Amino acid sequence: MNESLGRQGDPIEFNVDRLWIGWNQRDADGFSRVFARGGRIPNPYFTPSDVLWDNDLAFEGFAVSVHQPLWFLDPVSGPASPKRQVFLTVGAYPLLENELPVADDKSNDKWLWGGQAGIDFAFTT
C-alpha cells in the first residue's frame, strides 16, 4: 500500500487484484476432474501464450472447469499420468448491475457468458 503525505482525514484506499474461493475435486489417482472458483479469479481459460490473453488478466464472476482423461487413447501412461484429456470451461461474469427487480419485474443486469472446450493431446515420439 502506498500512501501520500498531506491526506489527513481521507479514507485509505485498499485495492485487491485477486480474491477468490475455489473447490477442486480430484479422483483416486490425484487427477483434477472439476475445478470451480468464484470471486475475482485468474483467467480460467486455456491460453497458449500472452499474445491472446495477458497473464495478469482477472475476471470477476464464477467459472467451472471439467477435465476428462482419455485413458483408452494412451494405454502406456496409465491412470497416474493422463497426457490426453478433453476439457470444458464455462463462466459467468457480471458486467453491469442495475437495481434489484421488484416482484414480477425482470432484471436488466448485463452478464458476460463464456465457454471453451478443447482436447489436450500430447503426442509421444
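How many helices and strands does the secondary structure of the protein chain come to?

**Figure 1. Overview of the predicted model of the protein chain.** The secondary structure comprises 0 helices and 5 strands. Read from the N terminus, the order of elements is β-β-β-β-β. The chain has 125 residues, of which 24% count as buried. Among contacts with a separation of 6 or more, 47% are between residues 24 or more positions apart. The protein chain exposes about 9,600 Å², and carbon and sulfur atoms supply 58% of that area.

**Figure 2. Close-up of Asn43 in the loop between β2 and β3.** The loop that holds Asn43 follows β2 (32-42) and precedes β3 (58-69). Asn43 has a relative accessible area of 18% and is therefore classed as buried, the cut-off being under 20%. Two polar pairings of the Asn43 side chain can be inspected in this view. In one, a polar atom of the Asn43 side chain lies 3.0 Å from the backbone nitrogen of Tyr45. In the other, the side chains of Asn43 and Thr47 are joined by a polar contact of 3.2 Å. When neighbours within four places in sequence are set aside, Asn43 is in contact with Arg37, Trp53, Leu57 and Phe59.

**Figure 3. Close-up of the largest nonpolar core.** This core consists of 5 residues, namely Ile41, Tyr45, Phe59, Ala63 and Tyr93. Tyr45, whose backbone nitrogen is paired with the side chain of Asn43, is one of these core residues. Phe59, also a core member, is in contact with Asn43. Ala63 touches two other members of the core, Ile41 and Tyr93. Beyond the core, the contacts of Ala63 include Phe35, Ala36, Arg37, Pro44, Val90 and Gly91, with residues up to four places away in sequence not counted.

**Figure 4. Close-up of Val90 in strand β4.** Strand β4 covers residues 84-96 and includes Val90. Because its relative accessible area is 42%, Val90 is classed as partly exposed. Val90 and Ala63 are 27 residues apart in sequence, and their C-alpha atoms are 5.6 Å apart in space. Apart from residues up to four places away in sequence, Val90 touches Tyr45, Phe62, Ala63, Val64, Gly114 and Gly115. Two of these partners, Tyr45 and Ala63, belong to the largest nonpolar core.

**Figure 5. Close-up of the salt bridge between Glu60 and Arg40.** The structure holds 1 salt bridge. In the pair formed by Glu60 and Arg40, the closest N and O atoms are 2.8 Å apart. The two residues link distant parts of the chain: Arg40 is in strand β2 and Glu60 in strand β3, 20 residues apart. Glu60 is partly exposed, with a relative accessible area of 47%. Arg40, at 27%, is likewise partly exposed.

**Figure 6. Close-up of a nonpolar surface patch.** Phe14, Val16 and Leu19 make this patch, which has an area of about 350 Å². Phe14 is located in the segment before β1 (19-26). With a relative accessibility of 64%, Phe14 counts as exposed, since the class requires over 50%.

Methods:
Residues are numbered from 1 along each chain as its sequence is written. This is a predicted model: local features need pLDDT of at least 70, side-chain atom pairs count only at pLDDT 80 or more; totals for chains, interfaces and linings use all residues. Side-chain values use heavy atoms; hydrogens and water are left out. Helices (H or I, at least four residues) and strands (E, at least two) are DSSP runs, numbered from the N terminus. Buried means under 20% relative accessible area, exposed over 50%, partly exposed in between (1.4 Å probe, protein chains only). A polar contact is a pair of N or O atoms within 3.5 Å; within protein, one must be able to donate a hydrogen and the other to accept it, and residues adjacent in sequence count only if both atoms are side-chain atoms. Contact means heavy atoms within 4.5 Å. Patches are made of residues with over 30% relative accessible area and no salt bridge: like charges are joined within 9 Å, nonpolar side chains (Val, Leu, Ile, Met, Phe, Trp, Tyr) within 5 Å. Accessible areas come from the Shrake-Rupley method with a 1.4 Å probe; for residues, only the protein chains shown count as cover. A salt bridge is a side-chain nitrogen of Lys or Arg within 4 Å of a carboxyl oxygen of Asp or Glu. A nonpolar core is a set of buried Ala, Val, Leu, Ile, Met, Phe, Trp, Tyr and Cys residues joined through side-chain atoms within 4.5 Å.
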